[in-house]
Amino acid sequence: MSEELQALASALHAARHFEQAALATLHPLLRMAEQALQASRFAGKGRLLRGMVHLRPAESYRRLVALEREALDTPAPSEDSLLLADGPRVSLLASASAWRAVVEHGCAVSIDVGQGTLQPHEGPARSLSAPSLVTAFTQESQQRLLSREATHVCVFPLRVPGERIDGMIALEASCMAALGQEFIWREASPRLQLIVDMAAPYLSALPPRPVKLPETDEFLPVVGSSMANLVGVLRIFAQQDETILVSGPTGAGKSRLARWCHERSARRQRRFESLDLMTVPEELQMSELFGWRKGAFSGAVKDNPGCLARAEGGTLFIDEIDKLSLKAQAGLLHVLEDRTYRALGDAGSEQRANVRFIVGTNADLLDAVRRGTFREDLYYRINVLPVRVPPLDERRDEVGPWARYMLARHHREKNPAGVARLASEAEQRLEQSPWPGNLRQLDNIIRRAYTLAMVELGGASQELELREAHIRQALAYEGGAQSSALVDALSLAARAFVLEAQRRQAPLDIDLAESFRGFVLAEAVQQVGREEAFKLVGRESLVRSRNHLKALRQELKKAEALCAEVKQPVPASLSKAGSDEAS
Ligand SMILES: Nc1ncnc2c1ncn2[C@@H]1O[C@H](COP(=O)(O)OP(=O)(O)OP(=O)(O)O)[C@@H](O)[C@H]1O
């Protein structure tokens, strides 16, 4: 083993953090590539620029660090020489094209930036202008690399034993004299790949250097230790213009993170537009995205800008991207590739789209590609900067701070000058509870517990404390059918009934039990339909005698009478249960 490799082996062995291993790897890689350049016919005509480690296991960026060539001139480059996050000189750049090529070919790939071509190193050398390779490298990637003087890039897969590719290492060089010609990469790559292969298990497995928790703000009010690294990566991504793909379970905070990225980008003065595809029927997706011209379809009585036009100059967040129809997928792909689009019914020229895209999903997009419901080319087009937001259960240290933040925010809405406290036992209870619904569920629990505390206090109050009992009751309702939840809910309803009677200073002349039956039936109709609802409440005989519809109308009337008496709107569940659509 050469001296260099021996030194690398012991540095990797001694490394305790990912950053130490990254530095130990990039250092000899850049040195060796430089020696190869000096020994080539391009000696004196080009230079090495930087090396970069992209760690993105399971299609989600974990870390991205770079080392500039100049750092090698300092006597002992330390971890501080690594570029880790956003700064005045952001030299960290992701490349979807390079990633796709490395994954597809499973070997090193060299890029001639001027020509816009990609070449896998294994297999026969192909003509640099072979069409499949030309199209694999996008014009945007080309421009971005050229803007940082890179003319030749070599990308090595970070292969861990078992052939999994957990990331890549990119080396960038500047050599105008070699444009369109075979550069040093193919010849040097076996030696360089050896270094990468030695380092791969360490880079994949070592934990990150402990980071100071990032400062929080109104869009990201809580960041725990497991989110800190993700936020570091997102901080870099926010400043770039490429598409971010945020995946993660529902309610984990993807939309808010998208908004946070917008606020940290150069586009923050322009609009942040959001389109949730869950709420848009497939046939309207194209018009929602691209807008329409008057007369484009019956009912299009005037021009209407779509989300793209509204987000012009700013950011468009498309949530639940997996719900996009195949037709709209083709439309979106065109915008992403050409940055142009046409509104429905527009016969004129295409409009340019200056929009930064962030897309969200809680689905497995690769699986959707395999099933043929999501285009592979679109998948690679949006999978440029992928990040995965972990579920709240993997961010236990955030539960308490989020709960306190949500409580304070909720109380402020009602009492701008008030103070709300979360008792420490209440916080412990929250920390011990599972959160399958993530932040959304936590927010709901806090709201519910807050209402319970308010009812107990007899109405709005400047000062309020959420105690463990409030949280316990609020959590109990989540169980739905739990009998303790039923008893708690009935006690709460009873308390509310008494409070209302006291507030009116006049009798509340209503039979609560009768009204309650209406509410129960309405809920049951919603859940299981009319006939089953009567069976559920033990009144199957009414169904058999075909009198159940009449009985339902009467029960619903009594529930509506209660709403009228306390001057509240009739809840949707009541009106729906009585409408013709309910079966
Ligand atoms: N920064 C934040 N400030 C306040 N509340 C937040 C924040 N982030 C998340 N939440 C709470 O969590 C809920 C879910 O957040 P968000 O809508 O961002 O999640 P999501 O992952 O996009 O969910 P879905 O996949 O269902 O769209 C919000 O409605 C809010 O109650």
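**Helix α8 and the nonpolar cores**

In this predicted model, helix α8 runs over residues 254–263, and K254, L257, A258, C261 and H262 are its buried residues. Looking down the axis of α8, these buried positions sit inside an arc of 145 degrees, so they line one face of the helix. As for what covers them, the list includes one helix, α7 (225–239), along with the strands β7 (244–247), β8 (272–276), β9 (315–319) and β12 (356–361).

Zooming out to the whole chain, 23 helices and 15 strands make up the secondary structure. The chain has 583 residues, and 37% of them count as buried. Its C-alpha atoms take up a box of roughly 100 × 60 × 45 Å along the principal axes. Plenty of the contacts reach across the sequence: taking pairs at least 6 residues apart, 68% of the contacts join residues at least 24 apart.

Then there is the matter of nonpolar cores. The largest one has 133 residues, and A33, V155, L203 and L442 are those with the most contacts inside it. Helix α2, spanning residues 18–38, is the top contributor to this core, putting in 12 residues. L442 is worth a look in its own right: leaving out residues up to four places away in sequence, L442 touches L392, V399, W402, A403, M406 and W435. Apart from all this sits a second, separate core, made up of 12 residues, with A533, F534, A559 and L562 among them.

How values were computed
Residues numbered from 1 in each chain as written. Predicted model: local features only at pLDDT ≥ 70, side-chain atom pairs only at ≥ 80, totals over all residues. Core = buried A, V, L, I, M, F, W, Y, C linked by C-beta atoms within 7 Å. Buried ≥ 20, exposed ≤ 12 C-beta atoms within 10 Å, placed from the backbone. Helix = DSSP H or I, 4+ residues; strand = E, 2+ residues; numbered from the N terminus. Contact = placed C-beta atoms within 7 Å. Arc of directions from axis to C-beta.
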